[in-house]
Amino acid sequence: MAGISRSLLSQARPVLGALFLWLAFLSASGAQEQMPVTVVVARQAMVTEKIPVVGSLAAKETIQVHPFIQGQVIEHILVEAGQYVEKGQPLALLDTTDAHMLLDKNAVSILRAQAAVAVEASRLDVAMVTEAETRKVLERSRALQPRGAVSQQLLDEHQNAHARALAELGLARQSLALAQADAQIIARERKEIELTIERSTVRAPEKGLVLTRAARIGAMTSASSGPLFVIAKDAIVEFVAHVTETSFVRLREGMYADITLPGYSGPLGGILRLSAAELDPATRSGEVRIELDESNGLKPGIFARGHIIASARRNILLPGSAVKTVSGENSVFVVKDGVTDLRTVTIGARQDGSVEIMEGLSDGEMVVLKSGGFLKAEEKVRPVIATSGRPSAGNLAAAFPAAEEKEAVR
């Protein structure tokens, strides 16, 4: 019996060896089927829709400075383009030689007018005295005439004399009024000449930055010529851009914007202040103006670019490589319990290499980072949390550490 047992055992050894080899092969095959894939954890993040804009800096409001006096020669220029000026500061001086000559002539006219007024005033005094004397004589003649002391002829002469005195008094008053009116006209002419001299100094209507200077020494001022100076009121500079039709209709005043300027380390913030009332029919674009948070030191005309934040909301963000698009349908591979699931999703905005997932995915689910053609649905995999390739800086900053903690708990 012992011999038979040893014989059976010797015959079973090859079979047991083959069985052990087959089990080892199955175990290795099962391990190989669970291939490692890099996954990211879907997390809620802030999604901002940005409308790109390209334009340049421009003055918020420009003031054109024209001369009040026409036909005068520019004698001196006191400021240059790029200077800051205060309200009322002289910018240029016009030739006032003729005006000063007129002023001297007017001074002589004033003296003559004053003398004429004095003469007419004296004549008025004489006429008043004459009228008073003739009136008294007339009154006395009227009182004596009933008594027969004064004849009718003498009474008539006294009445005529008083009438002439009254007429001369009225004439004297009119002459004085005329002389006074002439004096007033000459005085007004003097004020006009003085105003001409004052306006011969071209001054800044408002404080601001001088953008251009067209004034030239020796040039003649003319109403048909352009402005002598152009000033940016209060030196306020803003960003001006033209936005295409599809983006323009989404813009509203008050939207926030980031503008990048050459030579500046970081973007400048701003607020959409004004948008055009209509689109340009030729370019199908509309102008927008963005008021910058800081405009000190900025120069109009500088080229700039940036974006306007049209909307902001919280939603799931995934790296663009995690979304697979076939025939217009978007999908992602979701890993659950080590098995892949091909999930159809609805995408939204794209930003910084990330894609917004609007429907089809829940917060906290693991998604394959690179949705390539090597994966299939219901395939067993071994998920490995990604350490890079996050959707955007800051948006999923807490996603991967949280996922690693969950994986550690499991």
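Trainee: What share of the 410 residues in the protein do buried residues make up?

Mentor: Buried residues make up 34% of the 410 residues. Please keep in mind that this is a predicted model.

Trainee: What is the mean pLDDT of the protein, and what percentage of its residues reach 70 or more?

Mentor: The mean pLDDT is 85, and 86% of the residues reach 70 or more. Two stretches deserve caution. Residues 22-32 have a pLDDT below 50, and this stretch has 0 contacts in the model beyond near neighbours in sequence. Residues 389-410 also have a pLDDT below 50, yet that stretch has 40 contacts beyond near neighbours in sequence. Where pLDDT is low, the predicted coordinates should not be read in detail.

Trainee: How many helices and strands are there in the protein?

Mentor: There are 5 helices and 21 strands. Of the contacts with a separation of 6 or more, 75% are between residues 24 or more positions apart. The protein exposes about 24400 Å², and carbon and sulfur atoms supply 55% of that area.

Trainee: Why does Thr-340 count as buried?

Mentor: The relative accessibility of Thr-340 is 1%. Buried means under 20%, and therefore Thr-340 meets the criterion. Thr-340 is placed in strand 17, which covers residues 339-344.

Trainee: Which residues is Thr-340 in contact with, leaving aside its neighbours within four places in sequence?

Mentor: The list includes Phe-333, Val-334, Val-335, Leu-375, Lys-376 and Glu-378.

Trainee: What makes the approach of the side chain of Thr-340 to the backbone oxygen of Lys-376 a close polar pair in numerical terms?

Mentor: A polar atom of the side chain of Thr-340 lies 2.6 Å from the backbone oxygen of Lys-376. The cut-off for a polar contact is within 3.5 Å, and the value of 2.6 Å satisfies that distance.

Trainee: Why does Glu-238 count as buried?

Mentor: Glu-238 has a relative accessibility of 1%, and the limit for buried is under 20%. Glu-238 is therefore classed as buried. Glu-238 is found in strand 10. Not counting residues up to four places away in sequence, Glu-238 touches several residues, among them Ser-56, Leu-57, Lys-60, Arg-273, Arg-289 and Glu-291.

Trainee: What joins the side chains of Glu-238 and Arg-273?

Mentor: A polar contact of 2.8 Å joins the two side chains of Glu-238 and Arg-273. That distance falls within the 3.5 Å cut-off.

Trainee: Why is Glu-378 classed as it is, buried or exposed?

Mentor: Glu-378 has a relative accessible area of 68%. Exposed means over 50%, so Glu-378 is exposed. Glu-378 lies in the loop between strand 20 and strand 21.

Trainee: What is the phi of Glu-378, positive or negative?

Mentor: Glu-378 has a positive phi of about 60°, although Glu-378 is not a glycine. Most residues other than glycine have a negative phi. Asp-234 likewise has a positive phi, near 60°. Asp-234 lies in the loop between strand 9 (229-233) and strand 10 (237-244).

Trainee: Why is Asp-234 called partly exposed?

Mentor: The relative accessible area of Asp-234 is 36%. Partly exposed is the class between buried, under 20%, and exposed, over 50%; the value of 36% therefore places Asp-234 there.

Trainee: In which sense do strand 1 and strand 21 pair?

Mentor: Strand 1 (residues 35-41) and strand 21 (residues 381-385) pair in the parallel sense over 5 bridges. Pairing requires at least two bridges, so these strands qualify. Strand 1 also runs antiparallel to strand 20 (residues 366-368), joined by 3 bridges. Val-39 stands opposite Ile-385 in strand 21 and opposite Val-368 in strand 20.

Trainee: Why do strand 3 and strand 5 stand at the edges?

Mentor: They belong to an open sheet of 4 strands in the order 3-9-8-5, with antiparallel pairing. Strand 3 (62-65) and strand 5 (84-85) each have a single partner strand, so one side of each is left without a neighbour in the sheet. Within this sheet, 5 bridges join strand 8 (residues 208-213) to strand 9, and Val-210 stands opposite Ile-231 in strand 9.

Trainee: What order has the open sheet of 3 strands?

Mentor: The order is 4-6-7, with antiparallel pairing. Strand 4 (74-77) and strand 7 (201-203) are the edge strands, each pairing on one side only. The twist averages 25° from one strand to the next.

Conventions:
Residues are numbered from 1 along each chain as its sequence is written. This is a predicted model: local features need pLDDT of at least 70, side-chain atom pairs count only at pLDDT 80 or more; totals for chains, interfaces and linings use all residues. Side-chain values use heavy atoms; hydrogens and water are left out. Helices (H or I, at least four residues) and strands (E, at least two) are DSSP runs, numbered from the N terminus. Buried means under 20% relative accessible area, exposed over 50%, partly exposed in between (1.4 Å probe, protein chains only). A polar contact is a pair of N or O atoms within 3.5 Å; within protein, one must be able to donate a hydrogen and the other to accept it, and residues adjacent in sequence count only if both atoms are side-chain atoms. Contact means heavy atoms within 4.5 Å. pLDDT is the predictor's confidence in each residue, from 0 to 100. Accessible areas come from the Shrake-Rupley method with a 1.4 Å probe; for residues, only the protein chains shown count as cover. Axes are lines fitted to C-alpha atoms, for helices over the stretch in contact, and angles run from 0 to 180 degrees between N-to-C directions.
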